Amino acid sequence: MVQFEFLYNQQTSVADFSSYYNRPLSVKTLSFTEYNLFAGISYPISPLLTLSLSGIYYPKLSGFYVGPSFCYSLANNLDFNFIFQTFKIKNISNPFSPSNKLNLNFAFLQLKYNF
């Protein structure tokens, strides 16, 4: 599967990245900039393993997000997921970064049971 999107977000009143990332999410707050470009690809390597890669470009902030992940099916209704997220943003008001740059990395392990 290949996916491309142009995202528009009307509500972008966010002081900094961490206040956005930690607030409750809704369909009105998909991103922290007004305009974004998204691309994603997902490919089933085998019936048990699926690899995915997604990314977002933030033109206003001269930054991007990249998120590789993999999903392995352990049983009929049980999946193991590894998700990695990296954010690199050049133009952001961040009191902890005197260079006005933000580099964040997150990694998640997920055990998902479907019933």
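This passage describes the fold, strand pairing and ring contacts of a predicted model.

The protein contains one helix and six strands. Read from the N terminus, the elements follow the order β-α-β-β-β-β-β. Of its 115 residues, 29% count as buried. The accessible surface comes to about 7,900 Å². Carbon and sulfur atoms contribute 63% of that surface. Among contacts with a separation of 6 or more, 39% involve residues 24 or more positions apart.

The six strands form an open sheet. Their order is β1-β2-β3-β4-β5-β6, and the pairing is antiparallel. Strands β1 and β6 stand at the edges. Each has a single partner strand, so one side of each is left without a neighbour in the sheet. From one strand to the next, the twist averages 15°. In general, strands of a sheet pair through backbone hydrogen bonds, in either a parallel or an antiparallel sense.

The pairings can be followed across the sheet. Strands β1 and β2 run antiparallel and are joined by seven bridges. Here Glu5 stands opposite Phe38 in β2. Strand β3 covers residues 49-58 and pairs with β4 over ten bridges, again in the antiparallel sense. Tyr58 stands opposite Gly63 in β4. The two strands form a hairpin with four residues between them. One turn residue, Ser62, has a positive phi of about 50°.

Strand β4 spans residues 63-75, and strand β5 spans residues 78-89. These two strands pair in the antiparallel sense over ten bridges. A hairpin joins β4 to β5 through two residues. Ala75 has Leu78 in β5 as its bridge partner. Ser73 is bridged to Asp79, also in β5. Twelve bridges then join β5 to β6, and these strands run antiparallel. Leu78 appears again in this pairing, with Tyr113 in β6 as its bridge partner. Leu78 is thus bridged to Ala75 and to Tyr113.

Two polar residues show contrasting surroundings. Gln85 is found in strand β5. Its relative accessibility is 15%, so Gln85 counts as buried. The C-alpha atoms of Gln85 and Pro68 are 7.0 Å apart, although 17 residues separate the two in sequence. Asn103 belongs to strand β6, which covers residues 102-113. At 52% relative accessibility, Asn103 counts as exposed, because the cut-off for that class is over 50%. Leaving aside neighbours within four places in sequence, Asn103 is in contact with Phe87 and Lys88. Its C-alpha atom is separated by 6.6 Å from that of Ile89, which is 14 residues away along the chain.

Aromatic rings form a further set of contacts. The count comes to eight aromatic pairs. In one of them, the rings of Tyr8 and Tyr35 have their centres 5.4 Å apart. Their planes meet at 45°, so the pair is tilted. Tyr8 lies in strand β1 (residues 2-8) and Tyr35 in strand β2 (residues 35-44), so this pair ties together parts that are 27 residues apart in sequence. Tyr8 is partly exposed, at 46% relative accessibility. Tyr35 is also partly exposed, at 40%.

The rings of Phe106 and Phe108 have their centres 6.4 Å apart. Their planes lie at 15°, so the pair is stacked. Phe106 is partly exposed, with a relative accessible area of 24%. Phe108 counts as partly exposed as well, at 34% relative accessibility. Both residues belong to a cluster linked by ring pairs. The other members of the cluster are Tyr65 and Phe87. Phe87 is also one of the residues in contact with Asn103.

Key:
Residues are numbered from 1 along each chain as its sequence is written. This is a predicted model: local features need pLDDT of at least 70, side-chain atom pairs count only at pLDDT 80 or more; totals for chains, interfaces and linings use all residues. Side-chain values use heavy atoms; hydrogens and water are left out. Buried means under 20% relative accessible area, exposed over 50%, partly exposed in between (1.4 Å probe, protein chains only). Contact means heavy atoms within 4.5 Å. Rings of Phe, Tyr and Trp (its six-membered ring) pair if their centres lie within 6.5 Å; planes under 30 degrees apart count as stacked, over 60 as edge-to-face and the rest as tilted. Two strands pair if DSSP finds at least two bridges between them. Axes are lines fitted to C-alpha atoms, for helices over the stretch in contact, and angles run from 0 to 180 degrees between N-to-C directions. Accessible areas come from the Shrake-Rupley method with a 1.4 Å probe; for residues, only the protein chains shown count as cover.
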